[in-house]
Amino acid sequence: MSPDSAPAAQEPDIPTAHAAPPGLLDLFLAFARMSLAGFGGVLVFARRAIVEQHRWMTADEFNETFALCHFLPGPNIVNLSVVFGARLRGIAGGVAAFAGLLLPPTLIMTVLAIAYARFGDLDVLRRSLAGISCAAVGLLIAVVFRMMTPLLKRMDPLALILMLGVFLAIGVLRLPLPAVLLVAIPISIGATYFLRRKVAA
């Protein structure tokens with residue numbers, strides 16, 4: 001097991017200060033590495049790089065930013081690259097992160113698509129893709145538990161109840177995602193505002 005895949009309990013604590021903001025080239029290269037390593041999804045590697053390696057965000061900030069990206073149209077990880085880059089370096093940072101995320105895999109997938117069109121019927125290739133899909137599911141489950149760690153550490157009952165409710169509504173009851181979000185977002189915002197106001201008083 002590599003050091004990067006250590007259990008969530010060994011993750012660094014929330015840092016008291018952020019690392020120096022990266023330059024445009026640093027943003028491009030960081031997201032290019034994420035996209036090239038992101039077999040089965042980039043989210044796992046994006047969180048590891050942003051929170052654990054470079055410490056450009058805390059675990060809570062990453063969760064909040066990724067949650068925002070869920071409510072924007074388009075792929076979540078693409079939204080994350082633009083929002084994150086723009087947050088650190090303005091519009092140019094958003095463009096640099098976006099280009100780093102999409103340019104390398106686009107070039108690679110163009111070549112692979114040409115190869116798949118010619119050799120896609122081979123049984124060995126189909127079995128390989130089935131194995132890769134299993135690994136992708138495992139990576140996704142791992143990053144979900146890592147992202148839950150800050151909530152579990154704080155033992156925030158409201159956040160846990162809302163998370164469980166959304167999971168049951170979408171994952172078990174199969175309710176439409178837009179309808180669930182239209183209900184969950186106002187409830188979560190209102191409840192959080194009320195509780196924080198109560199604590200401040």
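A salt bridge is counted here where a side-chain nitrogen of Lys or Arg lies within 4 Å of a carboxyl oxygen of Asp or Glu. In this predicted model, the side chains of R87 and E61 meet that criterion, with an N to O distance of 3.7 Å. The pair joins distant parts of the chain, since R87 belongs to helix α4, spanning residues 76-119, while E61 belongs to helix α3, spanning residues 59-70, and the two residues are 26 residues apart. The partners differ in their surroundings: R87 is partly exposed, its relative accessible area being 49%, whereas E61, at a relative accessibility of 18%, counts as buried, because the limit for that class is under 20%.

By the same rule, the count for the model comes to two salt bridges. The other pairing is that of E52 with R47, in which the closest N and O atoms are 3.2 Å apart. Both E52 and R47 are buried.

R47 also appears among the contacts of M147, a residue of helix α5, which covers residues 123-154. M147 is buried, with a relative accessible area of 15%. When its neighbours within four places in sequence are left aside, the residues in contact with M147 are L43, R47, F62, N63 and F66. A further relation across the sequence is given by the C-alpha atoms of M147 and A59, which are separated by 7.3 Å although the two residues are 88 residues apart along the chain.

Attention may next be given to the backbone. Most residues other than glycine have a negative phi. R55, which is not a glycine, nevertheless has a positive phi of about 55°. This residue is found in the loop between α2, comprising residues 43-53, and α3, and R55 is partly exposed, with a relative accessible area of 34%.

A positive phi, near 60°, is also found at R174, again a residue other than glycine. R174 is placed in the loop between α6, which covers residues 157-172, and α7, which covers residues 177-200. At 68% relative accessibility, R174 counts as exposed, because the threshold for that class is over 50%. Thus the positive phi values of R55 and R174 both occur in loops, the former between α2 and α3 and the latter between α6 and α7.

Conventions: Residues are numbered from 1 along each chain as its sequence is written. This is a predicted model: local features need pLDDT of at least 70, side-chain atom pairs count only at pLDDT 80 or more; totals for chains, interfaces and linings use all residues. Side-chain values use heavy atoms; hydrogens and water are left out. Buried means under 20% relative accessible area, exposed over 50%, partly exposed in between (1.4 Å probe, protein chains only). Helices (H or I, at least four residues) and strands (E, at least two) are DSSP runs, numbered from the N terminus. Contact means heavy atoms within 4.5 Å.
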